[in-house]
Amino acid sequence: MAHNQSRPLAEKDPIDRIMAMAAALLDAPMAAVAVADGAIRISRSKAQGVVTERGAECDGLGIPFDASGTIVIPDTRLDARVADNPVVTGPAACRFYAGAQVVTETGEPIGSLCVLDTVARDAPSAQALQLLRMLARQVAAVVQQMKLAKVQSERAELLRLAESVRGLGHWRLDFTTGEILWSDQVYRIHGLDPQAFDPNLHSALSAYHEDDRAEILAHVETARLTGQGYDCHLRIQRPDGELRLTRSSGQCLLGADGKPEVLFGVFQDVTEEDLAARRLAASEARYRLMAENASDIIATYGLDGVFTYISPAVESALGYRPAELIGKSVNEIVHPDDVAQTWAAFAAYMDGPVDASPPRIAYRARHRSGEVRWLEAHPRAMRDENGRVLEIQDLVRDVSAAKAIELELQRARDEAESAAAAKTEFLANMSHEIRTPLTAILGFSSLLNERRDLPESAVGHLDRIRTASQALLAIVNDILDFSKIEAGRYEIAREPAKALEICHDALLMFSPAAQAKGVSLEFVQETELPEWVNIDPQKVGQVLLNLIGNAVKFTSAGSVTLAVGHDPVSQMLEVRVSDTGPGMSEEQCSRLFQRFSQVDGSSTRRHGGTGLGLAICKGLSEAMGGDIRVASRPGEGSHFTFRIQAAPVEHAPAPTEGEEVIAGGDLAGLRVLVVDDHMANLEIVQALLAPLDIEVSLAASGRIAIDLAATTPYDVVLTDLRMPDVSGEDVVRALRAGHGPNQHIPILAFSADVSSYGATVPGFDGTVAKPVSVAALLAALRSAVAVGADDGVSLAAGGHA
């Protein structure tokens with residue numbers, strides 16, 4: 001209440017009455033009460049029939065009460081203790097003061113009751129002060145009643161809230177008077193207004209459904225006669241006709257004579273709860289029916305892995321009846337070797353995010369007969385509101401048949417991979433075996449070709465030998481290239497290159513063959529091309545040579561056209577090779593890019609080849625991020641188009657330092673150890689290098705090479721990879737691990753199948769492919785010399801000791 005708010009004296013207010021009696025007792029114009037006891041605080045004064053809240057008279061004088069609990073000051077102006085107090089000097093202008101201390105039943109002071117006058121007076125009599133103290137005790141009693149009323153009000157409000165939250169009401173029936181009391185919630189359940197309906201026993205019982213009325217009447221009558229309580233579920237019918245299922249519980253209070261006087265209890269609307277229970281029961285019945293008839297096993301178990309339910313499907317899967325497994329651990333049916341990993345998978349799921357999808361976990365289980373079955377679990381963790389796992393619901397399927405198929409497919413895949421590996425190994429061996437004699441044939445025919453004393457007929461025979469050998473080498477290369485593409489082992493080595501120059505040079509290579517047939521070669525640049533693009537020039541050249549070679553080979557008259565363009569948006573290089581040859585049918589075109597497929601596959605075909613060239617072109621185009629296609633009609637020629645990724649490069653590659661011509665004068669004095677188990681290969685290398693003043697030492701096996709290198713210093717070692725007993729890799733390991741003079745010199749791999757290793761052969765400093773060419777051999781030696789010089793190796797060719 002606001003400070004100094006005034007109102008008329010209220011006769012029904014106990015505090016107002018006590019102040020009025022205190023003022024009348026001493027025939028004074030003013031009285032005041034100031035109390036503070038917990039939540040109860042009173043600060044009120046009365047003057048001439050007007051009550052003021054927190055009036056100045058309530059502030060007190062600030063001095064202690066005497067032993068009797070009173071204070072009397074006849075003239076406050078003459079008392080030094082209070083003469084300067086605001087109650088004396090302020091608006092109250094108190095001259096006379098008589099007060100009694102307000103004390104609780106336990107003796108705790110909580111305030112005061114005082115009488116004041118604006119004029120000085122004589123001290124009251126002892127009898128008057130005794131009466132004033134009695135009025136002060138009445139103030140304490142009123143405060144105690146106010147506290148109890150406040151507690152009761154709070155309890156009633158809590159009860160009302162509890163009833164509202166729980167939907168629970170309370171009621172009371174007095175057997176003596178027949179009076180019935182309902183809480184607000186009971187009215188609400190009945191659909192009635194407390195202001196418009198006054199319940200009695202007849203109206204209360206009439207609210208029940210006619211089929212349930214006799215039962216509730218019997219319960220009430222039994223309670224009245226015997227004092228026995230009851231708890232029942234019965235229907236009531238609201239005024240609007242709606243039926244509600246209620247739960248009513250009653251207990252009796254007995255009188256002094258031991259007979260029931262009062263029946264009281266609680267009343268609750270359980271309609272929704274009953275409906276939910278019915279739905280749950282129906283759902284459980286459907287679930288159990290589904291579980292008992294499902295072909296998959298449905299199971300529940302706790303975190304300890306003990307079954308709490310398992311469906312009958314377990315019998316057909318594992319031979320056990322459900323009753324035999326309930327209460328037992330899952331581990332009893334899981335194969336011992338799979339227990340740890342299975343529970344680890346379950347734990348990973350349960351420890352993961354709450355919203356994680358249930359996993360599928362395959363494991364082996366033991367049938368009652370001892371047979372091993374494959375099962376697949378699909379567990380779902382049931383969690384509480386805090387995310388803690390309470391139990392696991394599992395849907396388990398017998399996947400033995402599927403697993404058998406899977407294992408069979410795995411075996412088939414392993415066998416296929418083994419066969420592919422064997423094929424790869426076979427091709428590598430065959431390549432080595434074929435290339436080895438080819439190395440000798442090409443090498444020695446190249447040496448013979450340099451002689452000027454051969455008869456003309458011998459020169460012709462020599463050319464035929466070289467042509468036949470190169471054709472055979474091309475066939476071997478095609479087979480190996482396709483094998484690598486098929487195995488996904490073909491490496492694309494992109495570098496800045498001039499696409500226009502590569503295409504033009506490739507076309508010019510076929511100028512002699514075209515001129516011999518009277519076929520013209522044409523070059524067309526269809527769009528602007530970046531000067532440098534990022535491509536694999538060797539692979540692009542391989543595709544170009546194949547396509548242009550085919551066009552020239554199959555064109556008897558007319559022309560072969562090479563058109564090139566570049567799309568700056570997609571960064572694709574597009575190359576088209578067109579000819580005026582015989583053309584092809586749609587059926588022939590469909591077989592073009594298949595392995596070992598040729599347009600003319602008859603034994604009397606005019607043109608040779610393996611039928612792998614276009615399949616290789618397709619594989620290379622796709623490996624370079626593009627594709628290849630053909631358009632052709634019989635009699636109208638053919639158009640082959642391939643597209644590859646070719647991003648522009650802003651800067652040209654740095655020029656290679658120290659580029660040399662084929663002449664090997666710069667390598668004079670170089671000491672080279674050549675290792676090969678085929679004497680022909682040793683003789684060819686010696687024949688190629690000896691005229692260049694290169695010192696060549698020969699070793700016919702890896703063991704001989706290791707022995708020679710242990711004492712004799714060399715500048716470069718050139719060793720075959722595939723040798724009996726001691727391989728080329730064994731030679732490298734022996735030299736690197738030893739402490740001889742050749743521990744750090746460059747070692748080159750010399751083999752017919754170095755390409756199967758990719759760009760480099762592990763452990764070697766470079767490669768030289770068989771059949772060997774003098775240009776490739778000298779380039780590899782120069783590179784090795786450069787590497788050795790960078791590593792600080794002393795090389796004789798460099799003029800060092």
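Me: What makes β3 and β4 a hairpin, and which residue in the turn has a positive phi?

Reply: There are two residues between β3 and β4, and Q48 in the turn has a positive phi of about 55°. The model is a predicted one, by the way.

Me: How do you know that β3 and β4 (residues 50-53) pair, and how many bridges join them?

Reply: Pairing takes at least two bridges, and β3 and β4 are joined by four, running antiparallel. By that rule they are paired strands. Within the pair, S45 stands opposite T52 in β4.

Me: And on the β2 side, how many bridges join β2 (residues 30-37) to β3?

Reply: Eight bridges, and these two strands also run antiparallel. V35, for instance, has I42 in β3 as its bridge partner. β2 and β3 form a hairpin too, with two residues between the strands, and there G38 takes a positive phi near 60°.

Me: Why is β3 (residues 40-47) called largely enclosed?

Reply: A residue needs under 20% relative accessible area to be buried. Six of the eight residues of β3 are buried, so the strand is largely enclosed by the rest of the structure.

Me: Let's try single residues. Why is C252 called buried?

Reply: The cut-off is under 20%. C252 has 15% relative accessibility, so it counts as buried.

Me: What about C617, buried or exposed?

Reply: Its relative accessible area is 1%, and the cut-off for buried is under 20%, so C617 is buried.

Me: How many disulfides does the rule give?

Reply: Zero. A disulfide is a covalent bond between the sulfur atoms of two cysteines. The rule asks for a pair of cysteine sulfur atoms within 2.5 Å, and the count comes to zero.

Me: Why is R224 called partly exposed?

Reply: Buried is under 20% and exposed is over 50%, with partly exposed in between. R224 has a relative accessible area of 38%, so it belongs in that middle class.

Me: Where is R224 found, and which residues is it in contact with?

Reply: R224 is found in helix α6 (residues 213-226). Leaving aside neighbours within four places in sequence, its contacts are F175 and P260. R224 and L263 are 39 residues apart in sequence, while their C-alpha atoms are 7.8 Å apart in space.

Me: Which strands stand at the edges of the open sheet β14-β13-β17-β16-β15?

Reply: β14 (307-310) and β15 (361-366). Each has a single partner strand, so one side of each is left without a neighbour in the sheet. The pairing across these five strands is antiparallel, and the twist averages 30° from one strand to the next.

Me: How do you know that β13 (residues 297-301) and β14 pair?

Reply: The rule wants at least two bridges, and these strands have three, in the antiparallel sense. A299 stands opposite I310 in β14. Helix α10 (residues 339-350) lies across β13, β15, β16 (372-383) and β17 (389-398), at about 25° to β16.

Me: What is the strand order in the other open sheet, the one with mixed pairing?

Reply: The order is β19-β21-β22-β24-β23. β19 (519-525) and β23 (627-632) each have a single partner strand, so they stand at the edges. Neighbouring strands here are turned by 15° against each other on average, direction ignored.

Me: How many bridges join β22 (residues 572-579) to β24 (residues 638-645)?

Reply: Eight, in an antiparallel run. The bridge partner of R576 is T641 in β24. Helix α13 (residues 499-508) packs on this sheet, touching β19, β21 (558-567) and β22, and its direction makes about 175° with that of β19.

Me: At what angle do helices α15 (residues 537-554) and α17 (residues 613-623) pack?

Reply: About 145°, with their axes 10 Å apart. The crossing is left-handed. Among the residues that meet are V543 and L547 in α15, and I616 and L620 in α17. By class, the contact has six nonpolar, four polar and one charged residues.

Me: Why is α17 called largely enclosed?

Reply: Eight of its 11 residues are buried, so the rest of the structure largely encloses it. G613, A615 and S621 are among those buried residues. Just after α17, G625 takes a positive phi of about 80°.

Note on methods
Residues numbered from 1 in each chain as written. Predicted model: local features only at pLDDT ≥ 70, side-chain atom pairs only at ≥ 80, totals over all residues. Heavy atoms only, no water. Axes fitted to C-alpha atoms, helices over the stretch in contact; angles between N-to-C directions. Left-handed = near helix turned anticlockwise from the far one by under 90°. Contact = heavy atoms within 4.5 Å. Nonpolar A, V, L, I, M, F, W, Y, C, P; charged D, E, K, R; others polar. Buried < 20%, exposed > 50% of the residue type's maximum accessible area, 1.4 Å probe, protein only.
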